[in-house]
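Trainee: Could you take me through one part of this chain up close? I'd like to look at the sheet and whatever sits around it.

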Amino acid sequence: VEFVLQKRSIDYRFVSRTPKKGQWAYEELTKAIMDEYLLVINTTPLGMQPHIEQCPPIPYELITAKHCLFDLIYNPAKTLFLEKGEANGASIANGLEMLIIQAEENWKIWNS
C-alpha cells in the first residue's frame, strides 16, 4: 500500500496505537487532519472474521461524503470500519479486488 501511495505521489501518514516518529496516534486525529486526509486505508486485521465487531479507533464522526475508506479485509465484505464510513456518506471499498489481482499476478508468475 505504501509503495503505491508513493508511486502515485499521494501524501499519506501512518496512524498507530504505538506511533513511531512521523506517525500519529489514533487519539491525535483532529478535524483538521481528517479534513486534509480524505483517503483512509485500514491495513490492520481489525474487523476480520471472527472479530467482526472491531474497527480502528478513528473519529468516525469526522468522516464525510468527501472521504474514501478502503479496507484490505474482504471477509466480511463490509467491515464495521466500512459500515461506519458509509453511514457518514463516505465512498467505501474492500480488499476483494486487490486479492483477485494479486492471485492473477501470482498465477502468471508461476505458470508462465
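Mentor: Here is a walk through the sheet, followed by its surroundings and the pockets. Keep in mind that this is a predicted model.

Let's get our bearings before zooming in. The chain has 4 helices and 5 strands, and from the N terminus on they come in the order α-β-β-α-β-β-α-β-α. If you picture the C-alpha trace laid along its principal axes, it spans about 50 × 30 × 25 Å. Of the 112 residues, 29% count as buried. Take the contacts between residues at least 6 apart in sequence: 53% of them join residues at least 24 apart.

Now the sheet. It is an open one made of 3 strands, in the order β3-β4-β5, with parallel pairing. At the edges you find β3 and β5, residues 91-93, each of which pairs on one side only. Neighbouring strands here are turned by 15° against each other on average, ignoring direction. As background, strands of a sheet pair through backbone hydrogen bonds, either parallel or antiparallel.

Go through the pairings one by one. β3 and β4 run parallel and are joined by 4 bridges. On the other side, β4, which covers residues 68-71, pairs with β5 over 3 bridges, also in the parallel sense. A handy residue to click on is Leu69. In β4, Leu69 is the bridge partner of Val40, and its bridge partner in β5 is Ile92.

Stay with Val40 for a moment, as β3 has a neat pattern. Its side chains alternate: Val40 and Asn42 point to one face and are buried, whereas Leu39 and Ile41 point to the other face and are not.

What lies across the strands? Helix α3, residues 80-87, lies across β3, β4 and β5, and it runs at about 170° to β4.

Next, the loops. The one between β3 and β4 holds Thr64 and also Pro50. Thr64 is partly exposed, because its relative accessible area is 29%, which falls between the 20% and 50% cut-offs. Setting aside neighbours within four places in sequence, Thr64 touches Asn88, Gly89 and Ala90. Thr64 also sits 7.7 Å from Gly85, C-alpha to C-alpha, with their positions 21 residues apart in sequence.

Pro50 is worth a look for its backbone: the peptide bond from Gln49 to Pro50 is cis, with omega near 5°. There is another cis bond in the loop that follows β4 and leads to α3, where Pro76 lies. That bond runs from Asn75 to Pro76, and its omega is near 10°. For context, most residues other than glycine have a negative phi, and most peptide bonds are trans.

A backbone angle to check outside the sheet is phi of Ser9, near 55°, a positive value in a residue other than glycine. Ser9 is in the loop between α1 and β1, the latter being residues 15-16. Ser9 counts as exposed because its relative accessible area is 67%, and the cut-off is over 50%.

Finally, the pockets, where β3 turns up again. The largest pocket has about 590 Å³ of space. Its lining has 25 residues, and those nearest its centre are Arg13, Phe14, Val15, Val40 and Ile41. The elements giving two or more residues to that lining are α1 (2-7), α2 (31-36) and β3 (39-42). β3 provides the largest share, 4 residues. By class, the lining splits into 19 nonpolar, 3 polar and 3 charged residues. So here you meet two familiar names from β3, Val40 and Ile41, among the residues nearest the pocket centre, even though their side chains point to opposite faces of the strand.

The second largest pocket has about 420 Å³ of space. It is lined by 13 residues, with Val1, Val4, Arg8, Phe70 and Met98 nearest its centre. α1, β3 and α4 (96-111) each supply at least two residues of this lining, and α4 gives the most, with 5 residues. Sorted by class, this lining has 9 nonpolar, 1 polar and 3 charged residues.

Technical notes. Residues are numbered from 1 along each chain as its sequence is written. This is a predicted model: local features need pLDDT of at least 70, side-chain atom pairs count only at pLDDT 80 or more; totals for chains, interfaces and linings use all residues. Side-chain values use heavy atoms; hydrogens and water are left out. On a 1 Å grid over the protein atoms alone, a cavity is a set of points where a 1.4 Å probe fits but cannot get out, and a pocket is an open set with protein on both sides within 12 Å along at least five of seven lines; lining residues have an atom within 4 Å of a point. Grid points are joined across faces, edges and corners, and a volume is the space filled by probe spheres set on the points. Ala, Val, Leu, Ile, Met, Phe, Trp, Tyr, Cys and Pro count as nonpolar, Asp, Glu, Lys and Arg as charged, and the others, Gly among them, as polar. Two strands pair if DSSP finds at least two bridges between them. Axes are lines fitted to C-alpha atoms, for helices over the stretch in contact, and angles run from 0 to 180 degrees between N-to-C directions. Contact means heavy atoms within 4.5 Å. Buried means under 20% relative accessible area, exposed over 50%, partly exposed in between (1.4 Å probe, protein chains only).
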